[in-house]
Amino acid sequence: MVVSNVFYAPGEQRAAKVGDLFAAIARRYDLLNDLLSFGLHRRWKRRVVELAAVRPGQRALDVCCGTGDIALALARGGPEVTGLDFSQAMLEIARARSQRSEVSDRKPEVHAPVFLQGDAQQLPFPGNSFDAVTIGYGLRNLSSCGTGLREMLRVARPGGRLVVLDFGKPPNALWRAIYFAHLKVSVPLMGWLFGGNADAYAYILESLKHYPAQQGVAETMRELNLSNVRVINLLGGAMAIHYGEKPK
Ligand SMILES: C[S@@+](CC[C@H](N)C(=O)[O-])C[C@H]1O[C@@H](n2cnc3c(N)ncnc32)[C@H](O)[C@@H]1O
């Protein structure tokens, strides 16, 4: 197995490379998520949905929705949900999953999410549109994390919640070294064995190195004047949830 960083490029090239990456792994994306996190990503996403706290009659946006995990979970609580992603391949899977869950889950109060193609750095919505805006494993992939957060804030309503889930950088040096070694070796190996693509999974560590993670994302949220900014470390900081509210 030879591993290269073909999917990471700084600056202008970033979005095109990330688009290629998700087009390449879309079919196996959900399976690999379960395998690589031992199913824990489901629990972390439930936490995101709890923090978003959207009720029937409210509106939620899930940015970088991928195959729709968070959007579908948000919709189960009864709000109107929009999932947005720039990858047609990921959106097709999200729409198919939504149709399947509509057939099995016919509760009248549940609206199927609307899945739209669009760019997280230029959200196609007017300001003050949503009661909660979430993003799971998406912010790290944007060429500018600040632009992504600013856009999420712009489209949130006053008092609206912003919730970000992504990989983190563990504060403990030993745990960080072990965790980064795991991302460098075992994760690309599993990506190769089960998804036929080591490079796409080597990208996780490369993108994490360039991601401001716990401290940097919290700092940007504070600079943007979000209130009640909180960082929730998961698995000793291997993952992190950022929470903040748009001032009223
Ligand atoms: C790691 S996946 C996360 C999917 C899903 N949120 C989850 O938690 O499973 C990242 C997603 O972000 C999307 N993405 C990356 N950059 C984007 C951008 N600039 N605009 C919209 N979507 C983007 C990718 O297409 C991909 O579906």
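# A guided tour of the predicted model

Begin with the largest nonpolar core, which holds 75 residues, and select L61, V63, L139 and L149, the members that touch the most other members. Keep in mind throughout that this is a predicted model. As background to this stop, nonpolar side chains in soluble globular proteins tend to be buried together.

From that group, keep L139 selected and display what surrounds it. Which residues is L139 in contact with, leaving aside its neighbours within four places in sequence? They are C145, G148, L149, V164, D166, Y211 and V217, and L149 in this list is also one of the core members named at the start.

Next, select I70, which lies in helix α4 and counts as buried, with a relative accessibility of 4%. Once residues up to four places away in sequence are set aside, I70 touches K45, V48, V49, D62, T134 and G136. If you then add I241 to the selection, you will have a pair that is 171 residues apart in sequence, with the two C-alpha atoms 14 Å apart in space.

Helix α4 also leads to the next stop, the second largest pocket, whose volume is about 300 Å³. Its lining consists of 13 residues, and those to select for the closest approach to its centre are R42, D69, A73, R76 and R97. To see the pocket in terms of secondary structure, colour α2 (29–37), α3 (40–52), α4 (69–75) and α5 (88–104), the elements that each give two or more residues to the lining. Sorted by class, the lining is made up of eight charged, three nonpolar and two polar residues.

Just ahead of α5 along the chain, select S87, which sits in the loop between β2 (80–85) and α5. Is S87 buried or exposed? S87 is buried, because its relative accessible area is 6%, under the 20% cut-off for that class. Apart from residues up to four places away in sequence, S87 touches F22 and A23.

Turn now to the aromatic side chains, among which the count comes to five pairs. Select F125 and F130 and look at how the two rings are set: their centres are 5.1 Å apart and their planes stand at 85°, so the pair is edge-to-face, since that class takes planes over 60 degrees apart. Both partners are buried, F125 with a relative accessible area of 11% and F130 with a relative accessibility of 0%.

Another of the aromatic pairs is formed by W175 and Y179, with 5.9 Å from centre to centre and 35° between the planes, an arrangement classed as tilted. Both residues belong to helix α7 (residues 173–184), and because they are four residues apart in that helix, about one helical turn separates them. With W175 and Y179 still selected, compare their surroundings: W175 is partly exposed at 31% relative accessibility, whereas Y179 is buried, with a relative accessible area of 6%. Adding F180 to the selection completes one aromatic cluster with W175 and Y179.

For the last stop, examine the backbone at N225 and N228. N225 is not a glycine and yet has a positive phi of about 70°; this residue lies in the loop between α10 (213–223) and β6 (227–234) and counts as exposed, at 55% relative accessibility. N228, which lies in strand β6, likewise has a positive phi, in this case near 50°, in a residue other than glycine.

Notes. Residues are numbered from 1 along each chain as its sequence is written. This is a predicted model: local features need pLDDT of at least 70, side-chain atom pairs count only at pLDDT 80 or more; totals for chains, interfaces and linings use all residues. Side-chain values use heavy atoms; hydrogens and water are left out. A nonpolar core is a set of buried Ala, Val, Leu, Ile, Met, Phe, Trp, Tyr and Cys residues joined through side-chain atoms within 4.5 Å. Buried means under 20% relative accessible area, exposed over 50%, partly exposed in between (1.4 Å probe, protein chains only). Contact means heavy atoms within 4.5 Å. On a 1 Å grid over the protein atoms alone, a cavity is a set of points where a 1.4 Å probe fits but cannot get out, and a pocket is an open set with protein on both sides within 12 Å along at least five of seven lines; lining residues have an atom within 4 Å of a point. Grid points are joined across faces, edges and corners, and a volume is the space filled by probe spheres set on the points. Ala, Val, Leu, Ile, Met, Phe, Trp, Tyr, Cys and Pro count as nonpolar, Asp, Glu, Lys and Arg as charged, and the others, Gly among them, as polar. Rings of Phe, Tyr and Trp (its six-membered ring) pair if their centres lie within 6.5 Å; planes under 30 degrees apart count as stacked, over 60 as edge-to-face and the rest as tilted.
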